[in-house]
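Work through the exercises below with the sequence and the 3D view open. Try each task before reading its solution.

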Amino acid sequence: AKSVSAVSRDFIEKQVPGADPMQLISLLPGANVSSTDPAGLSGSSMSMRGLDSSQIGFTLEGFPINDIGNFAVYSQEIVDSENLRTVRVAQGSADLDSPHISATGGVVDMYMIDPKMKAGGAFDVSYGSYDYTRGFLRLDTGKIGHTNLRAYFSGSYATEGVNNSDATQRKLHAETKIVNDWGDGNRVSLAIVGNRLYNYLTPSVNKASWNAYGRGVGNRYVAPCSNNATCTRADGTTYKNTTGATISNTVWNSSYNTSASDKGVSYYQLHQNPFTNIYVSGPSTFKLADHLVLTETPYFWYGEGSGGSAYSTNLNSLSYGTTKVTGSINGQSGTRTLYNPSITKTYRPGATTKLTLTTGANRLMVGYWFEYSKQSQQGPYTGVGEDGNPWDIWGSAENVVLSNGQTYQYRNTLTQTRVHTMFIGDTLSLLNNKLTIDAGFKYAIVLRTGTNMLPNTSTGRNISQTYKEPLPTFAARYQINPENQIFVSAATNFRMPTNYALYDSGAYYAGSGYSTHANTNQKPEISISEEVGYRYTGPTIMGSLTYFHYDFTNRLMSTSQCMDSACTNYYSTNINAGGQTTNGVDAEIGTRPIFYHLRPYVSFEYVDARLGSNLQAGSGTGIDYLRTKGKFAPETPKFQAAFNLDYDDGHLFGAYNLKYVAKQYSTFMNDQSIPGYVVMNVNVGYRFKTIGFLQSPNIKLNFSNITDKAYLGFVKGLQTNAKPTVGIFGKTVSASVPTYAIAAPFSAIASVSAGF
């Protein structure tokens with residue numbers, strides 16, 4: 001009884017092998033997806049109906065994928081596409097039993113294929129642009145003994161070069177699924193996903209640099225250059241190093257200079273992003289009686305990652321809170337280039353339990369979701385070698401030690417989150433099942449405690465917050481006839497403040513404290529969404545048309561706050577940015593094969609999202625408000641349209657698709673934006689008849705961005721205003737420069753696959 005779209009196994013297996021789930025749903029209504037590399041090893045950015053991925057709940061086999069701290073989604077780590085059965089998108093709101101504390105928008109649910117009843121397997125190998133190389137192998141046990149117990153085990157390995165760089169990304173991935181079913185509706189399953197990836201933080205770019213240098217910004221590098229040596233830039237020109245020291249591997253963007261401060265902090269080896277993840281989920285169903293069913297989904301989520309960066313730091317002038325100290329590393333002091341990884345480690349067990357009682361025309365559901373997570377986050381400093389590479393990408397090598405014996409860190413926290421969510425829902429079928437009415441209520445209690453090991457913080461060492469949110473839902477659908485259906489739904493959802501809001505962090509400055517201030521008074525973001533839709537499911541044509549409306553309160557955002565009228569001192573913090581109202585229309589039409597094995601598909605979205613409040617800029621004596629009320633919401637394309645034409649005669653198959661995305665504002669004042677774009681892709685392949693033990697071997701070519709369109713795909717650094725602006729009280733609010741992600745260029749990837 002609400003808007004839902006999905007991609008099936010047939011569509012998934014025709015895309016680039018290993019494509020991440022966000023890339024797979026990019027043609028669906030409202031899904032605004034952009035990737036910085038064609039194969040998805042860098043991950044994708046996504047928004048839906050103008051809401052970013054931290055506001056959308058992602059689940060795999062029933063367990064939550066979003067980061068428990070900042071609710072981000074790292075799409076490159078989730079699942080191998082060969083093992084995906086379907087990806088289901090509910091654009092409007094989370095389901096009553098969805099295990100999320102951040103889904104003020106919709107949800108994306110992913111389900112893996114089941115093991116086969118017969119022993120066998122499948123494999124594919126791929127090679128393409130930027131030396132993309134990937135291999136995948138799955139082995140199915142078939143039924144074990146005289147039971148329905150069966151399993152598969154799969155693994156993949158992929159490498160890919162980064163455009164205009166010497167960097168190579170590597171991904172090692174493994175999955176298994178074990179299933180047993182018996183009797184009338186009893187089923188137990190266990191899914192395990194392991195992921196190890198070494199990739200690089202892709203550079204963001206501001207508008208001025210993009211207009212001047214295009215894709216070359218931040219991506220080209222020169223080798224180390226010794227003092228007084230004559231060295232070669234990436235464009236072949238030469239320069240003499242007169243800085244008095246060796247220049248480490250250094251970024252070059254047509255404005256490269258040989259000043260002493262240009263010490264290679266943008267070198268790609270100093271921006272590594274390795275991480276390891278293990279996901280375990282056991283969604284199971286037990287029929288306790290003829291009309292009573294128990295569904296149990298226990299899960300465990302482990303992750304450890306390190307996003308690196310580098311800084312030129314004077315170790316003779318540091319601070320430990322309010323105390324001025326000196327530091328040293330490996331017995332050395334002075335000004336040095338230091339590697340500063342942001343290390344996060346997460347342990348996250350949980351379970352969702354649900355009982356469903358069906359009595360005649362009524363179905364009653366009651367359930368409980370519990371989760372207890374621990375997330376530790378550190379930011380130590382370690383050294384950089386003569387070759388420009390960090391001593392250890394995990395920050396585990398020799399660290400900077402302060403004169404008081406403490407390890408120098410810009411953050412050092414432990415966050416514990418306990419989630420208690422009770423839900424109850426009732427479904428009533430009337431008029432011979434033509435009318436179905438759903439009503440539900442969910443009550444979420446979230447207890448978050450934090451420990452900040454940095455000294456002299458504004459909140460002290462220990463912080464505790466409790467959030468309690470009642471979340472009612474209602475929906476109804478009426479089946480006019482077998483082909484036509486109308487539906488209406490309303491839901492309340494919430495998103496907790498991120499764990500960053502609990503802590504002071506960063507460098508300490510006398511008079512203003514840490515560069516990032518905690519805000520323990522931040523309230524949860526609340527959304528109330530309504531939908532009215534029409535759905536047609538005919539023998540040839542299927543389609544839907546949905547009107548949607550959102551009201552947001554307490555929108556969450558991070559911003560810089562000035563401490564005086566001249567903004568000579570400022571800090572960053574998390575705030576509530578007032579309200580927002582969104583209205584829009586989603587539409588999609590698809591067909592079964594109509595003639596000559598062709599299947600066209602079209603989707604469309606129109607969104608009008610308006611800010612409901614004037615945004616605070618500055619604090620203390622410099623406080624003012626920007627005139628943002630009524631402005632169009634940033635990161636929200638007003639129009640999106642997608643088209644896909646699929647051909648498949650059983651042997652020859654192919655598809656052409658395009659996606660149009662309108663301009664997106666990158667500031668709340670609407671004074672800077674990235675232009676709209678059209679990107680086109682082509683897939684073509686051929687399935688052969690079974691050859692020996694090889695079942696349906698096929699070859700496939702995937703061409704992405706076939707016109708090699710150079711465009712900015714997503715806003716990465718959202719700002720309040722890109723130009724100096726006079727606030728409501730007459731104070732000038734200084735400008736902040738938005739940054740953007742550079743979208744993937746043209747690529748061609750060839751694949752060979754078969755079953756056995």
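The exercises that follow concern a predicted model.

**Exercise 1. Nonpolar patch**

Task: Find which elements give two or more residues to the nonpolar patch, and classify Tyr686 as buried, partly exposed or exposed.

Solution:
- Step 1. Select Val125, Leu652, Val684, Tyr686, Phe688, Ile691, Ile699, Leu701 and Val752, which make a nonpolar surface patch of about 710 Å².
- Step 2. Compare these residues with the strands. Strand E49 (677-687) and strand E50 (695-704) are the elements that give two or more residues to the patch.
- Step 3. Locate Tyr686, which lies in strand E49.
- Step 4. Classify it. Buried means under 20% relative accessible area and exposed means over 50%. Tyr686 has 33% relative accessibility, so it counts as partly exposed.

**Exercise 2. Paired strands**

Task: Describe how strand E42 pairs with E41 and with E45.

Solution:
- Step 1. Begin with strand E41 (residues 580-591) and strand E42 (residues 598-611): they pair in the antiparallel sense over 11 bridges.
- Step 2. Check a position in this pair: Val602 in E42 is opposite Ile589.
- Step 3. Look at the hairpin of E41 and E42. There are 6 residues between the strands, and Tyr596 has a positive phi near 50 degrees.
- Step 4. Turn to strand E45 (residues 639-648), which pairs with E42 in the antiparallel sense over 9 bridges. Here Pro600 stands opposite Leu645 in E45.

**Exercise 3. Positive phi in loops**

Task: For Asn554 and Asp708, state the phi value, the loop and the exposure class.

Solution:
- Step 1. Read the phi values. Asn554, a residue other than glycine, has a positive phi near 60 degrees. Asp708 is not a glycine either, and its phi is positive at about 55 degrees.
- Step 2. Place each residue. Asn554 is in the loop between strand E38 (541-553) and strand E39 (556-562). Asp708 is in the loop between E50 and strand E51 (712-717).
- Step 3. Assign the class. The relative accessible area of Asn554 is 24%, so this residue is partly exposed. Asp708 has 37%, so it is partly exposed.

**Exercise 4. A pocket**

Task: Which residues that line the second largest pocket are the closest to its centre, and which strand gives the most to its lining?

Solution:
- Step 1. Locate the second largest pocket, which holds about 1300 Å³ of space.
- Step 2. Of its 49 lining residues, Arg88, Asp95, Leu96, Asp97 and Lys354 are the closest to the centre.
- Step 3. Strand E33 (residues 462-479) gives the most to the lining, with 4 residues.

Key. Residues are numbered from 1 along each chain as its sequence is written. This is a predicted model: local features need pLDDT of at least 70, side-chain atom pairs count only at pLDDT 80 or more; totals for chains, interfaces and linings use all residues. Side-chain values use heavy atoms; hydrogens and water are left out. Patches are made of residues with over 30% relative accessible area and no salt bridge: like charges are joined within 9 Å, nonpolar side chains (Val, Leu, Ile, Met, Phe, Trp, Tyr) within 5 Å. Accessible areas come from the Shrake-Rupley method with a 1.4 Å probe; for residues, only the protein chains shown count as cover. A salt bridge is a side-chain nitrogen of Lys or Arg within 4 Å of a carboxyl oxygen of Asp or Glu. Buried means under 20% relative accessible area, exposed over 50%, partly exposed in between (1.4 Å probe, protein chains only). Two strands pair if DSSP finds at least two bridges between them. On a 1 Å grid over the protein atoms alone, a cavity is a set of points where a 1.4 Å probe fits but cannot get out, and a pocket is an open set with protein on both sides within 12 Å along at least five of seven lines; lining residues have an atom within 4 Å of a point. Grid points are joined across faces, edges and corners, and a volume is the space filled by probe spheres set on the points.
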